[in-house]
Amino acid sequence: MEISLDAVRSGLDSAISLLERSYLADGEVGGWYHQLSGPRPGPTATACTLLLLHQSGRRSAHEDQALGLLKSRQVPGDDPVRSGGWATNTSHGTPVLECTAWVARMLGEAGYLLDPRAPDATAALRWLVANQNDDGGWGSLRGATSKVWLTCLALRGINRLDPRSPAIAKGLDWLLAAQVDGHGFPQNPGRPATINHTAVALITIGEVAPRLEPDRVRRAYTWLVGNLDLTRIDDPDARIEYYNVHDKVTGVQWQATMPHYGLPMAALALLRHPDGPHPMAAAAIDALLRLQLDKGHWRNVEGSAEISIWSLVPAIEALQAVQRLRIPDVTGANVALGPGVVVRPRGVTYAQLSRSRRGDVVREVVRKWWASALLILAVLVGVPLSLLQWIEWKDFGLSLILPLVTFVAQQTWLRTR
């Protein structure tokens, strides 16, 4: 199946533009809220938006205010279990993984680690490591039940700040132990596998440890492909994740709500298959674009008419992943995805493309191997002539200088390129 590069570009521009228009001021600082209409900005949605804008190659006009919001909302103090993290607008001041991991990932990926306007990334890393549970996974905070989604958030955040952290190996061990019969991944250990959690686990493993357990990873991909429903944006088995969080220090308890969008998560995972983009990725991207609404967003799985940032985050990342496949920017072109990527300009048949490709292969072989061929030819001609004493061995050696220099120069150029 093919997807239209123009459709991908249009869908992505529409979604990003919606985010840019949804900025909320909060005094001298500002940012975004998970329901884009307000009422006041929160650190999670603000971090997500800055990350998405960075991935799209843009900078927000409100970057200073957004970084100021994150800096002002970072919990101060010397206690590593509490200080350095971020509370959501609904966690009653308690720093939680759901927010801190997103901010940490954004700071590392978007290049704000040494930016004086930004919050303290080192303190954020300490918080993430200090709040890892003894079993190796993460819950909302230390002592809360470890969950697949939250463990993946933590691993992706830590990996951006310290890819050598010992916490990563422990977290990956917990994540693999949660895998269901060597296939998909569940919402919580011991439960059935879901599209959403399998996708996020595969994305996480691909980012954090791409060579980890390749057979198990491929079995998970097989399960994902066999169970993905291309007709809906959400995962019917994990549409909304509800769980209670209890802060034992303050005694406050609240219910966390995590909406999930299985289709874009699966599309992103399929685009990052270890063997190259999976052929089903094109069908998933096509379905994602068809489900996009007029304003650039996707349906809110919580049933609200409000536009949720969680419908935008995974979809934008999936569409951006298509653009990161090093596809030539050809107007009107379609793309067929598989272990390789084939770009077909509008009006060009596959027969014409195949003939053109054969010409490209010949040119590529000549470009890479002409110096090697020249050196081999010089040896094949020079050795017999020297053995027959038609030329001196000394002259034969001197005749190899130019081919050798050419060969070394070409190989150096190819490796540098």
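**Cavities, pocket and core of the predicted model**

The largest cavity encloses about 120 Å³ of space, a cavity being a set of points, on a 1 Å grid over the protein atoms alone, where a 1.4 Å probe fits but cannot get out. Volumes are the space filled by probe spheres set on the points, with grid points joined across faces, edges and corners. Of the 14 residues that line this cavity, Trp102, Trp149, Met265, Trp310 and Pro314 are the closest to its centre; a lining residue has an atom within 4 Å of a point. Two or more lining residues are contributed by each of helix H6 (148-161), E7 and H12, and the largest share, 4 residues, belongs to H12. Helices (H or I, at least four residues) and strands (E, at least two) are DSSP runs numbered from the N terminus. By class, the lining comprises 10 nonpolar, 2 polar and 2 charged residues, where Ala, Val, Leu, Ile, Met, Phe, Trp, Tyr, Cys and Pro count as nonpolar, Asp, Glu, Lys and Arg as charged, and the others, Gly among them, as polar.

The model is predicted: local features require pLDDT of at least 70 and side-chain atom pairs pLDDT 80 or more, whereas totals for chains, interfaces and linings use all residues. Residues are numbered from 1 along each chain as its sequence is written, and side-chain values use heavy atoms, with hydrogens and water left out.

The structure holds 2 cavities of 30 Å³ or more. The second largest cavity has a volume of about 30 Å³ and is lined by Ala101, Trp102, Arg105, Leu153, Arg156 and Gly157. Trp102 thus belongs to the lining of this cavity and to that of the largest cavity. H4 and H6 each supply at least two residues of the smaller lining, which divides into 3 nonpolar, 1 polar and 2 charged residues.

The largest pocket contains about 460 Å³ of space; a pocket is an open set of points with protein on both sides within 12 Å along at least five of seven lines. Its lining comprises 24 residues, of which His34, Thr88, Thr90, Thr257 and Trp310 are the closest to the centre. Helix H2 (43-55), helix H4 (97-109), strand E6 (240-246) and strand E7 (253-259) are the elements that give two or more residues to this lining, and E7 provides the largest share, 6 residues. The classes represented are 12 nonpolar, 10 polar and 2 charged residues. Trp310 lines the pocket and also the largest cavity.

At the level of the whole chain, 15 helices and 9 strands are present. Of the 417 residues, 52% count as buried, that is, under 20% relative accessible area, with exposed meaning over 50% and partly exposed lying in between (1.4 Å probe, protein chains only). The chain exposes about 19600 Å², of which carbon and sulfur atoms supply 56%; areas were obtained by the Shrake-Rupley method with a 1.4 Å probe. Contacts (heavy atoms within 4.5 Å) between residues at least 6 apart in sequence join residues at least 24 apart in 65% of cases.

The largest nonpolar core has 110 residues, and those with the most contacts inside it are Leu97, Met106, Leu175 and Ile285. Such a core is a set of buried Ala, Val, Leu, Ile, Met, Phe, Trp, Tyr and Cys residues joined through side-chain atoms within 4.5 Å. Helix H12 (residues 309-323) gives the largest share of this core, 10 residues. Beyond residues up to four places away in sequence, Leu175 touches Val148, Cys152, Leu155, Phe185, Ala201 and Ile205.

Phe185 is also among the residues touched by Gln179, together with Gly184, Arg216 and Ala220, under the exclusion of residues up to four places away in sequence. Gln179 is found in the loop between helix H7 (166-177) and strand E4 (185-186) and is buried, with a relative accessible area of 7%. In helix H3 (residues 63-73), the buried residues are Glu63, Ala66, Leu67, Gly68, Leu69, Leu70 and Arg73; their cover includes strand E2 (24-26), strand E3 (29-31), H2 and H4.

Several backbone features occur in loops. Gly38 and Pro39 are joined by a cis peptide bond with omega of about 15°, and Pro39 is placed in the loop between E3 and H2. Glu213, in the loop between helix H8 (195-208) and helix H9 (214-227), has a positive phi near 40° and is partly exposed at a relative accessible area of 36%. Gln389 has a positive phi near 60°; this residue lies in the loop between helix H13 (350-387) and helix H14 (393-399) and is exposed, with a relative accessible area of 70%.
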